[in-house]
Amino acid sequence: MTPTVLAPSVLKPEPSRRRTKLTDPAVGVWLAAAVVIVLGWLIVTLDGGSFFARANLTTILSNCVALGLVAVGQSAVILTGSLDLSVAYLISLGTLVAAETMQDGSVVTGILAVLALSIAVGLANGLIVTGLKVNAFIATLGTAFILRGWIEDNYTGPAGQVPSSFRHLGYDRIGPIPVSIFLLAAVAAAAWFLTRRTRLGHHMYATGGDEHAARLSGVRTRRTVIIAHIICSLCVGAAALFLASRLGAGAPWAGTEARYDLESIAAVVLGGTALAGGRGGVAGTLGGVLILAVLDSVFNQLSVDPFFKNVVRGVVIVAAVALYARRGRRSA
């Protein structure tokens, strides 16, 4: 009787799984975030400040919410190999729509109006990219200019007013933890489940990894990209509602002043998601958001010059991308 020979992968599956987990970019990003927090605490303490003061922790978490919501949406669209540069102006218009609608109607009406606007913009972006075959960079940049033109033609300053009941979203907290962080957690959890545990999520990775091969395998790549753009815009709409609750009114500069378009892409890339698509995820993106928020907090406490602040942030992003690229070459 011939003895059965087991393949090495069957004999020793566990080490392979461990290596996969340890080389996952999300793990490295969160380890890097921990290092940044420790270094930030040391630097601020040596300067005479208090990094772990309750007010500072609340500020860091609050800053994570808006950027985190946009970055989670940006992750979904980047995973498919696409991109969205219209997010900053969509946030601005979303705050205006929310404030004006809530002033004349109800909170629910305002929320539904912003979500409807978000779906429309996401659908338009997706159709332009997939139907007209326009590069995502150009397509979403064009959408951004359209939204900018509408805002500049109809608004010269803040407009509308958010009811005090809705402002609890932006200002209430449990201890040092703002309640808005639970909104980010819920959206991130939903996005993680969608991308990691559903057929649509597998199709998003497949489309970003190799669109031609995915199409030959039966994946409806056009529909996948369109849905990804809609998901991204819905996350942006959630960020617009949060900022409206913080500001108390709609602001034409709400999205552009904080540069949420470039900041969200930076957080996604810093979190280990490849701009070419097909690799990365929401978990790493949240780590990237935390790193950027902690760096901003440290720079503000040290009163660092804005120019130097941008230089450091740029160096961190470039170094992270270079490290991911080096790891990718080794694993190839």
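# Exercises on burial, packing and salt bridges

R313 is buried, at a relative accessible area of 7%, where buried means under 20% relative accessible area, exposed over 50% and partly exposed in between (1.4 Å probe, protein chains only). The model is predicted, with local features requiring pLDDT of at least 70 and side-chain atom pairs pLDDT 80 or more, while totals for chains, interfaces and linings use all residues. Residues are numbered from 1 along each chain as its sequence is written, and side-chain values use heavy atoms, without hydrogens and water.

## Exercise 1

Find the salt-bridge partners of R313 and place them in their helices.

Solution. A salt bridge is a side-chain nitrogen of Lys or Arg within 4 Å of a carboxyl oxygen of Asp or Glu. Helices (H or I, at least four residues) are DSSP runs, numbered from the N terminus.

- Step 1. R313 forms a salt bridge with E263, at 2.2 Å from N to O. R313 lies in helix α15 (residues 306-331) and E263 in helix α13, so this pair ties together parts that are 50 residues apart in sequence.
- Step 2. E263 is buried, with a relative accessible area of 13%.
- Step 3. D296 also forms a salt bridge with R313, the closest N and O atoms being 2.9 Å apart. Since D296 lies in helix α14 (residues 282-301) and R313 in helix α15, the pair ties together parts that are 17 residues apart in sequence.
- Step 4. D296 is partly exposed, at 24% relative accessibility.
- Result. E263, D296 and R313 are linked in a network of salt bridges.

## Exercise 2

Describe the salt bridge between R215 and E211, including how far apart the two residues are in helix α11.

Solution.

- Step 1. The structure holds four salt bridges, and one of them joins the side chains of R215 and E211 at 3.2 Å, N to O.
- Step 2. The two residues are four apart in helix α11, and R215 and E211 are therefore separated by about one helical turn.
- Step 3. R215 is partly exposed at 41% relative accessibility, and E211 is partly exposed at 36%.

## Exercise 3

Determine which residues of helix α10 are buried and what they pack against.

Solution.

- Step 1. In α10 (residues 199-209), the buried residues are G201, M204, Y205, T207 and G208. Down the axis of α10 they fall within an arc of 165 degrees, so they line one face of the helix; the arc is that of the directions from the helix axis to the C-beta atoms.
- Step 2. The face turned away from this buried side carries the exposed residues R199 and G209.
- Step 3. The buried residues of α10 pack against α4 (54-79), α9 (180-197), α11 (211-216) and α12 (221-247). Contact means heavy atoms within 4.5 Å.

## Exercise 4

List the contacts of S264 and of V236, leaving aside neighbours up to four places away in sequence.

Solution.

- Step 1. S264 is found in helix α13 (residues 260-270) and is buried, at 0% relative accessibility.
- Step 2. S264 is in contact with L67, V70, A71, Q74 and V87, leaving aside neighbours within four places in sequence.
- Step 3. With residues up to four places away not counted, V236 touches V70, V87, L90 and I91.
- Step 4. V236 is also one of the residues that touch the most other members of the largest nonpolar core, which has 83 residues. Such a core is a set of buried Ala, Val, Leu, Ile, Met, Phe, Trp, Tyr and Cys residues joined through side-chain atoms within 4.5 Å.
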